[in-house]
Amino acid sequence: MLPSQSLLHTVVFALTVLQALASDTFIAAVYEHSVILPDATIKPVSPDNALALMNKNMDVLEGAVKEAAQQVLVVPAIIVTPEDGVYGWRFTREAIYPYLEDIPDPAVNWIPCTDPTRFAPSPVQERLSCMARNNSIYVVANIGDKKTCNSSDPSCPSDGRYQYNTDVVFDPEGKLVARYHKYNLFRKETQFNYPKEPEAITFETPFGKFGIFTCFDILFHDPAVVLVNEFQVDTVLFPTAWMNVLPFLTAIEFHSAWAMGMGVNLLSANTHSIDMAMTGDGLFTPEGPAAYHYDSRTEKGRLLLAELSSHPRLSPTYPAAVNWSLYATSIKKFPGEKDSFSGAVRRDIFTFSELRCKIGNYTVCQGDLCCHLVYRMSNKSKDEVYVLGAFDGLHGSLIKYHWQICTLLKCKSTDLNTCGQPVETAQTKFEMFSLSGTFGTNYVFPEVLYSGVQLAPGEFEVLPDGRLKSKHGTSKPLVTATLFGRFYEKDLPHPLRTST
């Protein structure tokens, strides 16, 4: 007699748990999704039309889930899908309402796949739950939550409801195990509300402790730093809709740098849209990228898989602690270059100094930050100019947060006025470089970007005294080498939250 489908699922799940208990690694997957977008409208569509659009996207996501599950069999696994991956964007507050569901607290112990009518209609949660259950894999998705409120709540919006950009996690049984409401909304997300307090969402698995937050959250202390430092998560799940901004803020370079700087795994799943400059996802570890993808030319989605350490802090190769200012502050003579000049990286005014020779030792300062560079070029192109730059100040228009940045970067042309403008390609390689700075923060993220927007895994190291060094020169032409610091204590109060 053949076992029932329910019994078969129980056996498969039990095998998965046993495998996880016996393993110090797990299979991580992320899917970069080319989202099917709704028609732009200020009027709400019908619930049926909203669900039809979401089902089209979930058809694609389910294909990625099945492909990931088929490749990993019973090895413990998790797949992360992108922010906005189920319904896209182009919404007003009113227009997004038909796409939202009431997502309960995971403490209710609910499997939507087997008990879909327990709460309000929730076809999206039901389908995501079944994706996880039918494939015996953790599934992470980004959807919208709605919560009613009334006049007794002074913060209640005039339409009587809160609307949240929300991440959900379903375990291999299909149970809802995590719900996270995005705290740091990007300036165009006017369709959503901020939760009153930042949420530190974690959940335990047989293969490590996980935390979760969304996109813009990664640039702030709450919840990003709190999850890592106070809750000691091993891995961060990161649905994102990241718009690439050269020279420092492309998705792959900053997300890889953040994982290295914070000492955790980061599973970054990006939406894919050439028109919106959205691409770049990866499986990033404290030692560099295990796998990454960047495609600014086609409209195709992409699934990535890699085997990661369940507890990276216990690894014998886990990077040593870094004092990010030790080397730079120990230099006895630290004069600034006399021929320094100002240049703009978007709205931020950097202090730059041109690298005039193939070999050099340069210093440039701004505010409390001095950046020091020792370098030797191997094939200096006559048509290319490189500079050492420093920035110490507030970044952002509406929301202002404090950066400290030391960077070696290629200018767009030989005209120094182009230094800081976006550049994707280069011809010059370096035999060596060593970059350091007098940072006032311990939160510094090391980045090296090669020509063609490629990372440099295994080709650089960070020394305990705060120096970012090439190991054996650069195998490809260099676009930027950067130490990106976040001085959280100097951030200005959030203007929207403080106004209420």
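The largest pocket of this predicted model encloses about 970 Å³ of space. Its lining comprises 41 residues and draws at least three of them from each of domain 1 (25–314) and domain 2 (325–490). The second largest pocket holds about 720 Å³, and its lining likewise takes at least three residues from each of domain 1 (25–314) and domain 2 (325–490). The points below treat the two pockets, the aromatic contacts, the backbone geometry and two loop residues.

**Largest pocket**

- Phe-186, Arg-187, Phe-216, Ala-241 and Met-243 are the lining residues that lie nearest the centre of the largest pocket.
- By class, the lining of the largest pocket consists of 25 nonpolar, 6 polar and 10 charged residues.
- Strand S17 (386–395) and strand S18 (401–410) each contribute at least two residues to the lining of the largest pocket.
- Two of the residues nearest the centre of the largest pocket, Phe-186 and Phe-216, also belong to a cluster of aromatic residues linked by ring pairs.

**Second largest pocket**

- The second largest pocket has a lining of 34 residues, and those nearest its centre are Met-260, Pro-286, Pro-319, Ala-320 and Val-322.
- The lining of the second largest pocket is made up of 21 nonpolar, 8 polar and 5 charged residues.
- At least two lining residues of the second largest pocket come from each of helix H5 (251–262), strand S11 (288–293), strand S20 (444–450) and strand S22 (460–462).
- Helix H5 gives the most to the lining of the second largest pocket, supplying 6 residues.

**Aromatic and charge–ring contacts**

- The structure contains 30 aromatic pairs.
- The pair formed by Phe-203 and Phe-210 is stacked because the ring planes meet at 15°, under the 30 degrees that mark stacking; the ring centres of Phe-203 and Phe-210 are 5.6 Å apart.
- Both Phe-203 and Phe-210 are buried.
- A cluster joined by ring pairs takes in Phe-186, Phe-216, Phe-220, Trp-242, Phe-254, Tyr-401, Trp-403, Phe-445 and Phe-484.
- Phe-220, one of the residues in this cluster, has the charged end of Arg-486 over its ring, 5.9 Å from the ring centre.
- The charged end of Lys-490 sits over the ring of Phe-487, at 4.8 Å from the centre of that ring.

**Backbone geometry**

- Most peptide bonds are trans, and most residues other than glycine have a negative phi.
- Asp-222 and Pro-223 are joined by a cis peptide bond with omega of about 5°; Pro-223 is placed in helix H4 (residues 221–229).
- Leu-246 and Pro-247 are also joined by a cis peptide bond, with omega of about 10°; Pro-247 lies in the loop between strand S8 (235–240) and H5.
- Arg-90 is a residue other than glycine with a positive phi, near 70°.
- Arg-90 is located in the loop between S2 and H3, and its relative accessibility of 45% makes it partly exposed.
- Val-453, although not a glycine, has a positive phi of about 55°.
- Val-453 is in the loop between S20 and strand S21 (454–455); its relative accessibility is 3%, so Val-453 counts as buried, the limit being under 20%.

**Two loop residues: an exposed and a buried position**

- Thr-117 occupies the loop between strand S2 (77–80) and helix H3 (123–135).
- The relative accessible area of Thr-117 is 68%, which is over 50%, and therefore Thr-117 is exposed.
- Thr-117 and His-293 are 176 residues apart along the chain, and their C-alpha atoms are separated by 39 Å.
- Gly-466 lies in the loop between S22 and strand S23 (468–470).
- Gly-466 is buried because its relative accessibility is 0%.
- From C-alpha to C-alpha, Gly-466 and Asn-417 are 30 Å apart in space, with their positions 49 residues apart in sequence as the separation.

Terms used: Residues numbered from 1 in each chain as written. Predicted model: local features only at pLDDT ≥ 70, side-chain atom pairs only at ≥ 80, totals over all residues. Heavy atoms only, no water. 1 Å grid on protein atoms, 1.4 Å probe; cavity = no way out; pocket = protein on both sides within 12 Å on 5 of 7 lines; lining within 4 Å. Points joined across faces, edges and corners; volume = space filled by probe spheres on them. Helix = DSSP H or I, 4+ residues; strand = E, 2+ residues; numbered from the N terminus. Nonpolar A, V, L, I, M, F, W, Y, C, P; charged D, E, K, R; others polar. Domains from an automatic or database assignment. Phe/Tyr/Trp six-rings, centres within 6.5 Å; stacked < 30°, edge-to-face > 60°. Buried < 20%, exposed > 50% of the residue type's maximum accessible area, 1.4 Å probe, protein only. Lys NZ or Arg CZ within 6 Å of the ring centre and 35° of its normal.
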